[in-house]
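Welcome to the tour. Open the model in your viewer, and let us go through it stop by stop.

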Amino acid sequence: MLQKLKDFRELVMFEHSIFSMPFIFIAMITAAHGWFGWELLAFGVVASVSARNFAMGFNRFADRKFDKTNPRTQNRPSVDGRISPKAMLLFIVVNALVFIAMGYVINPLCFYLSFPILIILASYSLMKRFSSVAHLVLGLSLGLAPIAGVAAVLGEIPLWSVYLCIGVLFWVAGFDLLYALQDIEHDKREGLYSIPSVFGVQKTLWFARIFHIFTLVFWWLFIKEAGLGIFMWIGLGVSCVFLCFEHYLVSKHFDNIPRAFFTLNGYLGIAFLGFCIADFMIG
C-alpha cells in the first residue's frame with residue numbers, strides 16, 4: 001500500500017502543487033483583507049490538491065502513448081505498468097468528485113465554477129495535439145486558482161482577481177515554454193504542437209520573455225487595483241529578479257532548465273505569498 005501511494009505521488013508530481021497553491025491563498029488573503037479562517041483554509045487545500053490530482057492524472061492517462069516514446073518520461077508510473085489505466089481512471093473520477101464537492105460546500109459560485117474548471121484542466125492534455133496554444137491553456141489551468149480562491153471568500157470575482165489570474169497564466173505559460181525545450185525533437189517526431197517544435201528554440205525563448213513581461217504587467221495591475229501596499233510592490237520586484245535569473249540560466253545552458261523550472265518558480269510563488277502576508281500583517 002505504501003509503495004502504491006508513492007507511485008501515485010510520483011504520477012501527479014505532488015510537489016508541483018507549489019506553483020498554484022500560493023496564488024489561491026494570495027487571492028483569499030487579499031479578498032478577506034487578512035486571515036480568511038481555518039475552514040476556508042482546509043477547503044482551499046483540499047480543492048487545490050484534488051484539482052491538481054485530477055489535471056495531472058488526466059494528463060498522464062491521455063499522454064501514455066507519447067510518454068512511452070519520450071526518454072524523459074518513459075519511467076513514469078503510467079507508462080511502466082506500476083499504475084494501470086483503470087486505476088488512473090478511478091483516481092481521476094474520485095478527485096473530480098472531491099473538487100466538485102468542495103465547491104458545493106463552499107458556496108454556489110464555487111460549485112458552478114467547478115465544472116468549467118475541470119473541463120479546462122483536462123483540455124490541456126488534448127490541446128497540444130491540435131494547437132500550440134496548449135501552453136496558454138496550461139497557464140489558464142493554474143491561473144484559475146486565484147479565481148477559485150476569491151470566489152470562495154467573496155462569492156464574486158472582482159477585477160483585481162482577473163488581473164492576478166492573467167498574470168499567473170502568462171507566468172506558467174512562459175516557464176512551460178522553457179520546460180518544453182527539452183522535448184522539442186520528441187514533439188516534432190510525434191506531431192505535437194508545442195511552440196518549440198513549431199517555432200524553434202530562439203523564437204521560443206523570445207515568446208517566454210514576452211509572456212513573463214506580461215506576467216509582471218498584470219501583477220502590477222493586480223496590486224494597483226486591489227490597493228495593496230509596499231510589501232507587495234517589493235514582492236513584484238523580487239518576482240522580476242527571479243524571472244530574469246530564470247531566463248539567464250536557460251539561455252546559458254539547457255541543462256539548467258530543471259533548476260529554473262522547479263526551484264526558481266517554486267521560490268517565486270512562496271516569496272510572493274510571503275510578501276502578501278506581510279502586506280496585511282505589517283503594512
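Begin with the whole chain, which is a predicted model, and color it by burial: 54% of the 283 residues in the protein are buried.

Next, switch to a cartoon view. Which elements do you meet from the N terminus on? The run is α-α-α-α-α-α-α-α-α-α-α-α-α, with 13 helices and 0 strands in the protein. The radius of gyration is 18 Å, close to the 19 Å from the globule rule for 283 residues, so the protein is as compact as a globular protein of that length. Drawn along the principal axes, a box of roughly 50 × 40 × 35 Å holds the C-alpha atoms.

Now turn on contacts. Of those with a separation of 6 or more, 73% link residues 24 or more positions apart.

Then show the surface. Its accessible area is about 12,900 Å², and carbon and sulfur atoms account for 70% of that. Select the charges as well: the 21 positive and 17 negative ones have mean positions 6 Å apart.

For the last stop, select the cysteines. How many disulfides does the structure hold? The count is 0. Start at cysteine 110, which is buried with a relative accessible area of 10%. Its closest cysteine sulfur, in cysteine 165, is 14 Å away from the sulfur of cysteine 110, too far for a bond. Then move to cysteine 244, where the closest cysteine sulfur belongs to cysteine 240. These two sulfurs are 4.1 Å apart, again too far for a bond, as a disulfide needs the sulfur atoms within 2.5 Å.

Technical notes: Residues are numbered from 1 along each chain as its sequence is written. This is a predicted model: local features need pLDDT of at least 70, side-chain atom pairs count only at pLDDT 80 or more; totals for chains, interfaces and linings use all residues. Side-chain values use heavy atoms; hydrogens and water are left out. Buried means under 20% relative accessible area, exposed over 50%, partly exposed in between (1.4 Å probe, protein chains only). Helices (H or I, at least four residues) and strands (E, at least two) are DSSP runs, numbered from the N terminus. The radius of gyration is taken over C-alpha atoms; the globule rule is 2.2 Å times the number of residues to the power 0.38. Contact means heavy atoms within 4.5 Å. Accessible areas come from the Shrake-Rupley method with a 1.4 Å probe; for residues, only the protein chains shown count as cover. Lys and Arg count as positive and Asp and Glu as negative; His and the chain ends are not counted. The place of a charge is taken as NZ of Lys, CZ of Arg, CG of Asp or CD of Glu.
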